[in-house]
Amino acid sequence: MESDNPTIFPRVLIVSRRTVRKNKFVDFVGEYHLDLIVNYGAVPVIVPRVTGVHTLLESFEPIHGVLLCEGEDIDPSLYDADLSSFSPDEIEEIRRLHASDTAIDREKDSIELRLAKLCLERNVPFLGICRGSQVLNVACGGSLYQDVEKEISKKFPEGQRVVHMDYENYDGHRHIVKVVENTPLHHWFKDSLEAEKMEIWVNSYHHQGVKRLAQRFVPMAFAPDGLIEGFYDPHVYNPEEGKFIMGLQFHPERMRQLNSDDFDYPGCASAYQEFAKAVRSYQKKLNGSAFVGKTLKLDEDMEKKRKVIVRSFSIARDMYSIRRGMLAGEESELQVGAKFLEANTALSLQQEKRLKQMGATVRNASACMERLKMNEEKEKLARKMMGKMSIEQLSDIVSFYHMMGQICTEVLERKLHNLTNEIGG
C-alpha cells in the first residue's frame with residue numbers, strides 16, 4: 001500500500017550541455033552526476049540549454065541546490081580576461097586544439113551565472129565541477145586563465161609539466177594534486193593521504209582554470225604547477241545546516257577503477273554526499289520557514305511601491321551592517337523609506353513596541369537621514385581613493401563586502417526571527 005504522505009525529495013537544478021545528433025541539437029547531462037545525486041537522496045531537475053530559459057528560472061522553484069558541471073569556455077568578456085599576451089597565431093591554435101570547448105555558448109553562460117548568483121544571494125547549496133567551478137569563481141569577481149598550457153605549463157621544463165587534459169584518455173587520465181590541510185577535501189580524503197605528501201591522483205579535463213581566485217574563497221587543492229584544483233567558501237560550509245558553496249576543477253565522479261563502479265578513493269563520492277546532505281538540510285530549513293503563511297497578493301501598482309520601499313530599507317540595512325557610506329543616487333531612495341516611516345504614525349502600542357525593539361521607530365527617521373548626510377565627506381574621500389585602485393583590487397573589495405553582507409544578513413534574520421517569536425509569545 002502506498003503511503004498517504006510520500007517523501008518529497010529536494011530538487012537539484014543541473015543545466016544541460018548541447019551537442020549535435022543527426023543534424024539536430026540535443027541536450028544532455030553526464031549520467032554519473034545524475035546517478036550520484038539520486039543515490040544520496042535528491043532529485044536532479046535538468047534545466048535545458050534553450051534560448052530564453054535564463055528568463056524563466058523562477059519557474060523552476062523551489063530550488064534546494066544547484067550542480068553545474070561540464071561545458072564550453074565561459075565568454076571572456078564576462079570577466080577580466082587578459083588576451084594581450086597571446087599572438088593571433090596562438091589564439092587560433094588554441095581554438096583549433098580545443099574546438100569543442102572554445103565555441104562560446106552565451107545562453108548557457110547566462111543561465112548558469114544567474115543560477116550561481118541566486119545561490120550566492122540565498123545561500124542555496126552549490127557544487128561546481130570543472131566548468132561549474134569556473135562559473136562560480138567568475139560570478140564572485142574572479143578570473144580565468146585563457147589556456148593553462150600556454151600560460152602556466154610552458155614555464156616548466158618538459159618533464160615537469162602537468163597535463164590537465166588528455167583527449168585520448170578521457171576517463172583514465174590522472175595527475176597529482178596537493179590537498180590543503182583542514183579543508184573539506186582534506187577531511188574527505190584523510191584516510192587516503194600520506195601525512196607528509198598530502199597528495200591524491202585526480203581526473204581532469206580542462207584547458208582553462210582559475211587565475212585570480214575570488215576573495216571569498218579558500219583553496220583546497222593545487223596542481224604541481226600551482227593551478228587551483230578546488231576551493232570553497234568557509235563561511236558558507238556546514239552541510240548539516242544546509243550550507244555548501246564549493247568548486248572542484250577535477251572530476252571526482254569519473255575517478256573510478258577500470259571496468260568497475262568502485263572509486264579510486266573512498267573520498268571521491270564525498271563531494272556529492274555532503275552536497276546532498278546540505279541540499280536536504282536546506283529543504284528542511286525552507287519548509288520550516290513556511291509558518292509565515294500565504295503571501296498577500298498585491299496589485300501591480302502596490303507591488304511596485306512595495307519594491308521601492310523594500311529597496312530603501314535594504315540600502316539602509318546594508319549601510320548599517322557593513323558600515324559603509326551613502327553611494328551616489330541612494331539619498332533619494334533612502335528618503336522614500338524615511339517618508340514611509342514618518343507617514344505611518346497611526347500605530348498600535350504593540351506595533352510601536354515592535355518598531356522600537358527593531359531600532360526603526362518613526363521618530364528617529366529624520367535624525368537617521370541627518371547622520372547619513374554627515375558621511376558625504378567620507379564618501380568623497382573613499383571615491384578618490386578607489387579611483388586609484390586596480391580592477392583586481394576593486395573586485396576583491398566587492399567580494400569581501402558581499403561576504404560580510406551575507407554574514408550580517410544571516411545574523412540579523414536570526415535575531416529578528418527570535419524577536420518575532422518573543423513578541424508573538
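A residue counts as buried when its relative accessible area is under 20%. Keep that cut-off in mind, because V53, at 7% relative accessibility, falls below it and counts as buried. The model you are looking at is a predicted one, and V53 is a handy place to start the tour.

You'll find V53 in the loop between β4 (43–47) and β5 (65–68). Leaving out residues up to four places away in sequence, V53 touches V47, P48, F60, E107 and I111. Look also at S110: this residue is 57 residues from V53 along the chain, and the two C-alpha atoms are separated by 9.1 Å.

Now step back to the whole chain. There are 14 helices and 13 strands, and 43% of the 425 residues count as buried. If you take the contacts between residues at least 6 apart in sequence, 72% of them join residues at least 24 apart. As for the outside, the chain exposes about 24000 Å², with carbon and sulfur atoms supplying 53% of that area.

On to the inside. In soluble globular proteins, nonpolar side chains tend to be buried together. Here, the largest nonpolar core has 38 residues, and L67 and L185 are the ones with the most contacts inside it. Helix α8 (residues 270–288) gives the most to this core, with five residues. Another core lies apart from it, with 36 residues, among them L13, L57, V66 and V124. Back at L67, and setting aside neighbours within four places in sequence, the contacts include V12, I14, H33, L127, Y272 and F275.

The aromatic rings are worth a look too. A pair of them is described by the distance of the centres and the angle of the planes. The count in this model comes to five aromatic pairs. One of them is F189 with Y265, an edge-to-face pair at 5.8 Å centre to centre with 80° between the planes. This pair links distant parts of the chain: F189 belongs to helix α7 (residues 184–189), while Y265 sits in the loop between β13 (243–248) and α8, 76 residues apart. F189 counts as buried because its relative accessibility is 1%, and Y265 is buried as well, with a relative accessible area of 14%.

Next come Y232 and Y237. Their ring centres are 5.7 Å apart and their planes meet at 85°, so this pair is edge-to-face. How does their exposure look? Y232 has 10% relative accessibility, so it counts as buried, whereas Y237, at 21%, counts as partly exposed. Y232 and Y237 also belong to one aromatic cluster, together with F244 and F275. Elsewhere, a ring has a charge for company: the charged end of R256 sits over the ring of Y32, 3.9 Å from its centre.

Finish the walk at strand β9 (residues 199–202). In a regular strand the side chains alternate between the two faces of the sheet. In β9, I200 and V202 make up a covered face, while E199 and W201 make up an uncovered one. Strand β8 (residues 175–179) pairs with β9 in the antiparallel sense over four bridges. If you want a spot to find that pairing by eye, go to V177, which stands opposite I200 in β9.

Key. Residues numbered from 1 in each chain as written. Predicted model: local features only at pLDDT ≥ 70, side-chain atom pairs only at ≥ 80, totals over all residues. Heavy atoms only, no water. Helix = DSSP H or I, 4+ residues; strand = E, 2+ residues; numbered from the N terminus. Buried < 20%, exposed > 50% of the residue type's maximum accessible area, 1.4 Å probe, protein only. Contact = heavy atoms within 4.5 Å. Areas by Shrake-Rupley, 256 points an atom, 1.4 Å probe, with all protein chains shown as cover. Core = buried A, V, L, I, M, F, W, Y, C linked by side-chain atoms within 4.5 Å. Phe/Tyr/Trp six-rings, centres within 6.5 Å; stacked < 30°, edge-to-face > 60°. Lys NZ or Arg CZ within 6 Å of the ring centre and 35° of its normal. Pairing = 2+ DSSP bridges.
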